Amino acid sequence: MGETTRRQVVLGTGAAGLAAALTGCGGYGEPSGSPSPPAGTGSVVPSEPQNPGAGEILAATGEIPKGGGKVFAGPKVVVTQPEAGRFKCFTAVCTHEGCTVGSVSGGTINCPCHGSKYRITDGTVVRGPAPRPLAEKRISIEGDQIRLA
């Protein structure tokens with residue numbers, strides 16, 4: 001193979017790679033042809049419903065143990081009963097790295113990923129590495145049904 005032929009092969013390969021990059025290779029996790037956000041505006045995030053699951057019946061009041069609680073994976077919430085007849089609801093998404101909390105025991109809502117614990121009374125952090133409390137969610141009690149509000 002002569003020098004000119006080798007150079008042509010190298011240049012041809014580079015040009016083909018550049019053409020592929022310019023014609024339809026989106027960023028990681030983006031479909032080809034997705035618009036990029038304007039410079040300096042951050043990433044485009046699809047909007048989420050303001051109150052997903054609103055109106056959904058979560059459980060009967062008798063299913064939530066006094067001094068404990070229950071995690072609901074579908075709507076990603078946790079309902080607690082810190083004292084008899086008083087129910088609280090929080091997001092079940094840990095504020096550390098977004099894992100779903102796994103259990104409620106000993107007066108805390110517990111994340112299995114890195115050991116964060118939150119109080120069942122107000123969602124505040126008892127033990128990190130979680131940096132923030134769990135966000136409170138609105139519920140309503142209708143008869144013996146607990147419903148997302």
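Two strands count as paired here if DSSP finds at least two bridges between them. With that in hand, let us walk through this predicted model, beginning at a pair of strands close to the C-terminal end of the numbering.

**The three-stranded sheet**

Ile139 stands opposite Leu148, a residue of β10. That contact belongs to the pairing of β9 with β10 (residues 145–148), where 4 bridges join the two strands and the direction is antiparallel. The pair is part of an open sheet of 3 strands, ordered β1-β10-β9 and paired in the antiparallel sense. At its edges are β1 (57–60) and β9 (139–142), each of which pairs on one side only. On average, neighbouring strands in this sheet are turned by 25° against each other, with direction ignored.

**The chain as a whole**

How many helices and strands does the protein chain contain? There are 1 helix and 10 strands, and from the N terminus on they follow the order α-β-β-β-β-β-β-β-β-β-β. The chain has 149 residues, of which 26% count as buried. Among contacts with a separation of 6 or more, 39% come from residues 24 or more positions apart.

A word on confidence is useful before going further. The average pLDDT of the protein chain is 77, and 64% of the residues score at least 70. Over residues 14–50, however, the pLDDT is below 50, and this stretch makes 7 contacts in the model beyond near neighbours in sequence. Where pLDDT is low, the predicted coordinates should not be read in detail.

**The hairpins around β3**

Strand β3 has partners in both β2 and β4. The table sets out the two pairings.

| Strand pair | Direction | Bridges | Opposed residues | Residues between the strands |
|---|---|---|---|---|
| β2 and β3 | antiparallel | 4 bridges | Gly69 and Thr80 | 4 residues |
| β3 and β4 | antiparallel | 5 bridges | Thr80 and Lys88 | 2 residues |

Thr80 appears in both rows: Gly69 stands opposite Thr80 in β3, and the bridge partner of Thr80 in β4 is Lys88. Strand β2 covers residues 69–72 and β3 covers residues 77–83. Most of β3 is covered, with 6 of its 7 residues buried.

Each hairpin also has a residue with a positive phi. In the hairpin of β3 and β4, Gly85 takes a phi near 80°. In the hairpin of β2 and β3 the residue is Lys76, whose phi is positive at about 55° although Lys76 is not a glycine. Lys76 lies in the loop between β2 and β3. Is Lys76 buried or partly exposed? Its relative accessible area is 40%, so Lys76 counts as partly exposed.

**Nonpolar cores**

The largest nonpolar core has 13 residues, and Val101, Ile109 and Tyr118 touch the most other members. Another core lies apart from it, with 10 residues that include Ile64, Val77, Cys89 and Leu148. Leu148 thus brings us back to the opening, as the residue of β10 opposite Ile139. Cys89 is buried, since its relative accessible area of 0% is under the 20% limit. As general background, nonpolar side chains tend to be buried together in soluble globular proteins.

**The cysteines**

A search of the whole structure finds 1 disulfide. Which cysteines does the disulfide join? The disulfide links Cys99 to Cys113, with an S to S distance of 2.1 Å. Cys99 sits in the loop between β4 (86–91) and β5 (103–105), while Cys113 sits in the loop between β6 (108–110) and β7 (117–119), so the pair ties together parts that are 14 residues apart in sequence. The torsion about the S-S bond is about -110°, so this disulfide is left-handed. Cys113 has a relative accessibility of 39% and therefore counts as partly exposed.

Cys111 is in no disulfide. Why does Cys111 fall outside the pairing? The nearest cysteine sulfur, that of Cys94, is 3.9 Å away, and a disulfide requires two cysteine sulfur atoms within 2.5 Å. Cys111 is buried, because its relative accessible area is 6% and the limit for a buried residue is under 20%.

Terms used. Residues are numbered from 1 along each chain as its sequence is written. Side-chain values use heavy atoms; hydrogens and water are left out. Axes are lines fitted to C-alpha atoms, for helices over the stretch in contact, and angles run from 0 to 180 degrees between N-to-C directions. A nonpolar core is a set of buried Ala, Val, Leu, Ile, Met, Phe, Trp, Tyr and Cys residues joined through side-chain atoms within 4.5 Å. Buried means under 20% relative accessible area, exposed over 50%, partly exposed in between (1.4 Å probe, protein chains only). pLDDT is the predictor's confidence in each residue, from 0 to 100. Contact means heavy atoms within 4.5 Å.
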